[in-house]
Amino acid sequence: MNKIKNIFGEGTIYNKEDLGKKIYATSAACMSVWSDMLSFANKYKDRFVDNPNEADSIVVLGCQVTDLAVLNDLAIAKRLHEKTNKDIYLGGCVAQRFDIPLPEYIKRLNVIREYNIDLEDRTIVKYEKPFWVKDFKEEDDNLKDGHLFRNFYPLKIGAGCHGKCKYCTIVHTRGGYYEEVPENQINEFLNHENVVLISDSPTPSQVKAWCKIAKETNKDISIRNIEPQNLIQCREELLELADKNLLKIVHCPVQSFDEELLTAMNRNVSATNKAIELIKELRNKGVITATNIIIDYTVNKKLYENHDKEKLNEYFDYYSWNPYFDGNFDLKKAENRFKKYIK
């Protein structure tokens, strides 16, 4: 363990060396965080157990994209602590949020990842059900709420983001930025079906390289979380791949159609508009399209709570909502918002 300091404060954070011999791990975080831990778990398979009562260390990977997600992280940690009477190592982005108070039984866990590891077994690190989906069923298809990419193979091509969106903290919570070399991952790509590129923000050069690999190997690929300004730089390559039926799903978080709202978020309005049109072209070629939309964002005392569902359905096969979170976690407020949005 060591002391670290960031924009959220300072405190003690534990590292992989602090974990016991036997580990139970579950994730309530995004696929990027989940695949990080999967790389560690697949390198040290003999250390991971299915029963938390048999573990020396219990790891919960958490998310802090909204206060609702933080509340869910804490609920999972509490459940496992009460079940086992053991301390919980809370990882993922939420671990870096020193401004969010945690119970005494929770220890903050630093980013854990290994490199160039084939994720042969994706069951080693459990994947919590999405808390926002009522009556979630694992067997439902890929376009049901909470299922997008859930059963796909996460090809981890990098982590971190250089963006400056006002609502996002990934630049501070995901550890050092890195990119894999695409050519070094070709065998991993060929060894698995339904491959989705996983990074906090795939770059144009990465996407172009993987479009080339997909075309040369005649194997389809999907892309998650590519930002609008990066998507449009790959227009030619993506359209070509779509024409060859080698582009399965493209997920691009446009966040909003409203220019005033995009500007307030420090988002690129022109790039977003161009990306939306490119998305429509891709969809017309048979590509499944997906996005994220932020709701309940206030600009100049105007609350943006309604979004054009007709327009969303025109461009996207799948979309999910994120209630705006101002970054200041308040337990009581989070509980009230949970009742509003989830219950």
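What follows is a dialogue on reading a predicted model of one protein chain.

Me: Before I look at any detail, how many helices and strands does the chain have, and how compact is the chain for its length?

Reply: This is a predicted model, so every value here is computed from its atoms. The chain has 11 helices and 17 strands. Its radius of gyration is 20 Å, close to the 20 Å that the globule rule gives for 343 residues, so the chain is as compact as a globular protein of that length. Along the principal axes, the C-alpha atoms fill a box of roughly 55 × 50 × 40 Å.

Me: What share of the residues is buried, and how much area does the chain expose?

Reply: Buried residues make up 56% of the 343 residues, while the chain exposes about 16000 Å², of which carbon and sulfur atoms supply 44%. You can also ask how far apart in sequence the touching residues lie: of the contacts with a separation of 6 or more, 77% are between residues 24 or more positions apart.

Me: How should I read a sheet, and which strands form the sheet of 6?

Reply: The general idea is that strands of a sheet pair through backbone hydrogen bonds, either parallel or antiparallel. Here, 6 strands form an open sheet in the order β8-β11-β12-β13-β14-β17, and the pairing is parallel. At its edges stand β8 (153-156) and β17 (318-323), each of which pairs on one side only, and from one strand to the next the twist averages 20°. To follow one pairing inside this sheet, take β11 (residues 195-198) and β12 (residues 221-223), which are parallel and share 2 bridges; Val196 has Ser222 of β12 as its bridge partner.

Me: What is the strand order in the sheet of 5 strands, and which helices lie on it?

Reply: The order is β6-β5-β4-β3-β7, again an open sheet with parallel pairing. Its edge strands are β6 (106-108) and β7 (126-127), each pairing on one side only. Strand β3 (residues 23-27) is joined to β7 in the parallel sense over 2 bridges, and Ser27 has Tyr127 of β7 as its bridge partner. Helix α1 packs on this sheet, where it touches β3, β4 (57-62), β5 (88-92) and β7, and its direction makes about 150° with that of β4. Helix α2 lies across β3, β4, β5 and β6, running at about 165° to β4.

Me: Where can I find strands that run antiparallel?

Reply: Look at the start of the chain, where strand β1 (residues 2-6) and strand β2 (residues 9-13) run antiparallel and are joined by 5 bridges. The two form a hairpin with 2 residues between them, and Asn6 stands opposite Gly9 of β2.

Me: Which residues touch the most other members of the largest nonpolar core?

Reply: That core holds 67 residues, and those with the most contacts to other members are Met37, Val59, Leu231, Leu238, Leu247 and Leu282. Helix α1 (residues 31-43) gives the largest share of this core, 7 residues. Apart from it lies another core, of 23 residues, which includes Tyr24, Ile58, Ile76 and Ile100. For a closer look at one member of the largest core, Leu282 touches Leu238, Leu239, Ala242, Leu247, Val250 and Val287, leaving aside residues up to four places away in sequence.

Me: Is Asn72 buried or exposed, and which residues does Asn72 touch?

Reply: Asn72 is found in helix α2 (residues 67-84). Its relative accessibility is 14%, and because the cut-off for a buried residue is under 20%, Asn72 counts as buried. Beyond residues up to four places away in sequence, Asn72 touches Ala28 and Phe131.

Me: How do I read a positive phi, and where does Asn85 lie?

Reply: Most residues other than glycine have a negative phi, so a positive value in such a residue deserves a second look. Asn85 has a phi near 60° and is found in the loop between α2 and β5; at 65% relative accessibility, Asn85 counts as exposed. Asn116 also has a phi near 60°, and its place is the loop between β6 and β7. With a relative accessible area of 56%, Asn116 is exposed.

Technical notes: Residues are numbered from 1 along each chain as its sequence is written. This is a predicted model: local features need pLDDT of at least 70, side-chain atom pairs count only at pLDDT 80 or more; totals for chains, interfaces and linings use all residues. Side-chain values use heavy atoms; hydrogens and water are left out. A nonpolar core is a set of buried Ala, Val, Leu, Ile, Met, Phe, Trp, Tyr and Cys residues joined through side-chain atoms within 4.5 Å. Buried means under 20% relative accessible area, exposed over 50%, partly exposed in between (1.4 Å probe, protein chains only). Helices (H or I, at least four residues) and strands (E, at least two) are DSSP runs, numbered from the N terminus. Contact means heavy atoms within 4.5 Å. Two strands pair if DSSP finds at least two bridges between them. Axes are lines fitted to C-alpha atoms, for helices over the stretch in contact, and angles run from 0 to 180 degrees between N-to-C directions. The radius of gyration is taken over C-alpha atoms; the globule rule is 2.2 Å times the number of residues to the power 0.38. Accessible areas come from the Shrake-Rupley method with a 1.4 Å probe; for residues, only the protein chains shown count as cover.
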